[in-house]
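Thanks, everyone. I have one structure for you today, so let's put it on the screen.

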Amino acid sequence: MNYKEYKEENGGIIVAAIKEIIKEEGLDVKCSVHSLVHQRFYLMWYLRKHTKLSLQSVGHLFNKKHDSVLHSINRHHVYSETKDFVYRDNIENVKNYLYVKFPLLV
């Protein structure tokens, strides 16, 4: 199975796993704690990259509008490019969890 097939086959499972994370971490409520905001940035980027969900659909999972999703994805790119160590530490647990569930996608 190649990467594209793996990605398409696991699209629904990815959304279910991320919904679980959102519920457990409370990422769908308004909160400005950096660790939660960073996790939200990463998960929104992850959903857009690894599923066919629209910005609006991703936003719906987090109770956000599509422009917030776009902003989050842009912030993820900025933090990743600058190798921000606080951002990296804040998303490490979520990233490891997703790696265990979907090793070919992280």
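I'll go through the fold, then the core, then one loop residue, then the pocket.

First, a caution. This is a predicted model.

Start with the overall layout. The protein has 6 helices and 0 strands. Read from the N terminus, the order is α-α-α-α-α-α. The protein has 106 residues, and 38% of them are buried. Now the contacts. Take those between residues at least 6 apart in sequence: 68% of them join residues at least 24 apart.

Next, the core. In soluble globular proteins, nonpolar side chains tend to be buried together. Here, the largest nonpolar core has 27 residues. Which residues have the most contacts inside it? They are I18, Y42, L43, Y46, L47, F62 and L98. Five helices each give two or more residues to this core: α2, at 11–25, α3, α4, at 55–62, α5 and α6. The largest share comes from α3, with 9 residues.

Let me pick out L47 from that list. Set aside its neighbours within four places in sequence. What is left in contact with L47 is I14, V15, I18, L53, V58, L61 and F62. Two of those names, I18 and F62, were also in the list of residues with the most contacts inside the core.

Now the loop between α3 and α4. S54 lies there. Is S54 buried, partly exposed or exposed? It counts as partly exposed, because its relative accessibility is 32%, and the partly exposed class runs between 20% and 50%. The side chain of S54 makes a polar contact with the side chain of S57, at 3.0 Å. Look also at S54 and V69. They sit 15 residues apart in sequence, and their C-alpha atoms are 9.8 Å apart in space.

Last, the pocket. Rolling a probe the size of a water molecule over the atoms shows where empty space is left. In this model, the largest pocket holds about 230 Å³ of space. Its lining has 13 residues. Nearest the centre of the pocket are S80, Y87, R88, I91 and K95.

Where does the lining come from? α3, at 34–50, α5, at 66–81, and α6, at 85–101, each supply at least two residues. α6 gives the most, with 5 residues. By character, the lining divides into 6 nonpolar, 2 polar and 5 charged residues.

That's the tour. Questions, please.

Conventions: Residues numbered from 1 in each chain as written. Predicted model: local features only at pLDDT ≥ 70, side-chain atom pairs only at ≥ 80, totals over all residues. Heavy atoms only, no water. 1 Å grid on protein atoms, 1.4 Å probe; cavity = no way out; pocket = protein on both sides within 12 Å on 5 of 7 lines; lining within 4 Å. Points joined across faces, edges and corners; volume = space filled by probe spheres on them. Helix = DSSP H or I, 4+ residues; strand = E, 2+ residues; numbered from the N terminus. Nonpolar A, V, L, I, M, F, W, Y, C, P; charged D, E, K, R; others polar. Core = buried A, V, L, I, M, F, W, Y, C linked by side-chain atoms within 4.5 Å. Buried < 20%, exposed > 50% of the residue type's maximum accessible area, 1.4 Å probe, protein only. Contact = heavy atoms within 4.5 Å. Polar contact = N/O pair within 3.5 Å; in protein donor to acceptor, adjacent residues only side chain to side chain.
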